[in-house]
Amino acid sequence: MNRFDLTVIGGGVGGLVTASGASQFGAKVALVEKEKLGGDCLHYGCVPTKSLVRTAKVISLMRKASDFGLNPVNVDIEFKKLMDHMRSVQKKIGKHDDPERFEKMGVQLFFGKGSFIDTHTFEVNEKKIKSRKFLIATGSRPITLPIPGLDKVDFLNNIKILALNKLPESLLVIGAGPIGVEFAQVFSRFGSKVTIIEKEGQILPREDKELADILEDILKKEGIEIVTCVDIKKVDQSKNKKIIEAECTGIKKRFEADELLVAIGRAPNIEDLNLDKIGVETTRRGIVVDETMRTTVPNIWACGDVTGMFPFTHMAEYEAGLVVANALFPLIKRKMDKRVVPWTTFTDPELARVGLIEDEAKKQLDDIKIYKYHFKDHDRAVIDGETEGLIKLVCDKKG
């Protein structure tokens with residue numbers, strides 16, 4: 001029987017930060033991972049997508065060479081080379097998540113699927129792990145929508161699209177959230193004809209509408225077709241074409257492309273853990289935690305995407321710090337501060353915020369003041385040739 005002070009379930013950012021932090025404080029730590037260390041960030045999220053975003057930015061700058069007094073540049077793109085570069089970046093960064101590195105810290109690794117037997121016992125590959133305390137950091141995964149016909153179509157999600165080695169001539173994107181708009185701009189700059197379809201009345205529905213509308217105009221100028229207020233009725237596949245039948249404000253629409261990216265909705269990875277059996281409360285969004293990241297079972301914590309709160313790597317890291325403090329030093333009781341979460345969509349230009357947006361502030365305060373500063377009035381923005389967009393400050397009535 002293996003006995004530990006803390007057992008971490010999930011080898012993504014939240015789990016790895018907790019495991020390394022706890023072991024450095026002298027705790028005996030076990031880390032259970034289903035497949036490979038690194039989680040979504042390394043394999044399907046931040047690292048590969050931001051590599052593609054950077055490459056797309058370079059392509060855009062090369063095409064604008066004449067704007068900077070240079071002779072026009074013919075940009076010759078080989079899609080497979082772009083993807084191979086992305087994978088080489090993953091490989092370099094992946095060294096930080098090498099199992100040997102964590103074993104040297106004193107963390108004992110267990111690979112395979114597992115589940116709770118009771119609140120102090122976790123079983124993986126028929127090995128029972130006894131632990132005083134646990135952290136669940138199993139992350140989330142993309143889910144499909146209940147759209148008629150979608151289950152019969154060979155569509156892409158944020159994982160499958162990273163495995164492509166041939167650039168699609170045309171790409172339909174369902175969902176104008178961060179994943180959808182980032183991939184849309186990247187593939188448009190690579191040379192695909194891209195159409196974004198969004199159910200809500202704006203792209204990035206959780207963002208400030210004024211800023212989202214500015215970004216929408218920028219994306220449209222780059223050649224991306226964006227259609228909002230779309231109600232999808234049916235998805236079909238005819239030979240190599242993906243077809244969407246929809247209604248847009250009462251008018252029937254038909255969209256067609258070589259590839260279809262579904263970029264909407266995530267689900268927590270909790271179904272195999274036996275959480276209901278041991279009393280850990282969950283919802284459709286994820287594991288319920290208090291402001292110290294503790295679940296409804298006193299010796300079990302959760303952090304990262306599996307809680308359904310903030311699907312960001314930097315938040316998983318921040319929450320992991322709270323777990324280390326609260327699990328190992330229970331008298332401290334560090335609490336999460338949600339007021340100043342940095343939030344960025346990595347389009348070009350990026351749409352970033354921290355704190356309340358205008359609509360949220362109006363709901364919480366009787367009187368607010370809005371201050372705006374347009375980039376076209378900023379010297380550095382003019383020098384860089386990036387004058388679209390603005391800074392928006394949302395303040396209370398005292399400013």
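## Two helices that cross

Let's start with a pair of helices: the axes of H3 and helix H4 (residues 79–94) come within 9 Å and cross at roughly 135°. The model you are looking at is a predicted one. Angles over 145 degrees would count as roughly antiparallel, and 65 to 115 as roughly perpendicular, so H3 and H4 are classed as oblique to each other. As for handedness, the crossing of H3 and H4 is right-handed.

Keep H3 in mind as you turn the structure, because H3 is also one of the elements that give two or more residues to the lining of the largest cavity.

## Two cavities beside H3 and H6

How many cavities of 30 Å³ or more are there? The count comes to two. The largest cavity holds about 50 Å³ of space, and its lining is made up of Thr49, Leu52, Val53, Ile179, Glu182, Phe183 and Val186. Two elements, helix H3 (46–63) and helix H6 (178–190), each give two or more residues to this lining. The largest share comes from H6, with four residues. By class, the lining of the largest cavity has five nonpolar residues, one polar and one charged.

The second largest cavity has a volume of about 40 Å³. You will find Val53, Ala56, Gln185, Val186, Arg189, Phe346, Thr347 and Asp348 around the second largest cavity. Val53 and Val186 line the largest cavity and also the second largest one. Here too, H3 and H6 each supply at least two lining residues, and H6 gives the largest share, three residues. The lining of the second largest cavity divides into four nonpolar, two polar and two charged residues.

## An open pocket

Besides the closed cavities, there are pockets to look at. The second largest pocket has a volume of about 670 Å³. Which residues lie closest to the centre of this pocket? Of the 27 residues that line the second largest pocket, they are Leu211, Ala352, Phe375, Leu390 and Ile391.

Several elements contribute to this pocket. Helix H7 (209–221), strand E18 (351–353), helix H11 (379–384) and strand E20 (390–396) each supply at least two residues of the lining. Strand E20 provides the largest share, five residues. By class, the lining of the second largest pocket has 16 nonpolar, three polar and eight charged residues.

## A three-stranded antiparallel sheet

Now to the strands. Strands of a sheet pair through backbone hydrogen bonds, either parallel or antiparallel. An open sheet of three strands runs in the order E11-E12-E13, and its pairing is antiparallel. Strand E11 (230–238) and E13 stand at the edges with a single partner strand each, so one side of each has no neighbour in the sheet. On average, and ignoring direction, neighbouring strands of this sheet are turned by 20° against each other.

Going through the pairs, E11 and E12 are joined in the antiparallel sense over eight bridges. Within this part of the sheet, Asp231 stands opposite Glu247 in E12. On the other side, strand E12 (residues 241–248) pairs with strand E13 (residues 251–257) over seven bridges, again in the antiparallel sense. One bridge to look for links Lys242 with its partner Ala257 in E13. What lies between E12 and E13? The two strands form a hairpin with two residues between them, and Thr249 in the turn has a positive phi of about 50°.

## A four-stranded parallel sheet

A second open sheet is built from four strands in the order E10-E9-E8-E14, with parallel pairing. Its edge strands are strand E10 (225–227) and strand E14 (259–262), each of which pairs on one side only. Neighbouring strands in this sheet are turned by 15° against each other on average, direction ignored.

At the E14 edge, strand E8 (residues 170–174) and E14 pair in the parallel sense over four bridges. If you would like a landmark for this pairing, find Leu171, whose bridge partner in E14 is Glu259.

Methods. Residues are numbered from 1 along each chain as its sequence is written. This is a predicted model: local features need pLDDT of at least 70, side-chain atom pairs count only at pLDDT 80 or more; totals for chains, interfaces and linings use all residues. Side-chain values use heavy atoms; hydrogens and water are left out. Two strands pair if DSSP finds at least two bridges between them. Axes are lines fitted to C-alpha atoms, for helices over the stretch in contact, and angles run from 0 to 180 degrees between N-to-C directions. On a 1 Å grid over the protein atoms alone, a cavity is a set of points where a 1.4 Å probe fits but cannot get out, and a pocket is an open set with protein on both sides within 12 Å along at least five of seven lines; lining residues have an atom within 4 Å of a point. Grid points are joined across faces, edges and corners, and a volume is the space filled by probe spheres set on the points. Ala, Val, Leu, Ile, Met, Phe, Trp, Tyr, Cys and Pro count as nonpolar, Asp, Glu, Lys and Arg as charged, and the others, Gly among them, as polar. Angles under 35 degrees count as roughly parallel, over 145 as roughly antiparallel, 65 to 115 as roughly perpendicular and the rest as oblique. A crossing is left-handed if the near helix is turned anticlockwise from the far one by less than a right angle, and right-handed if clockwise.
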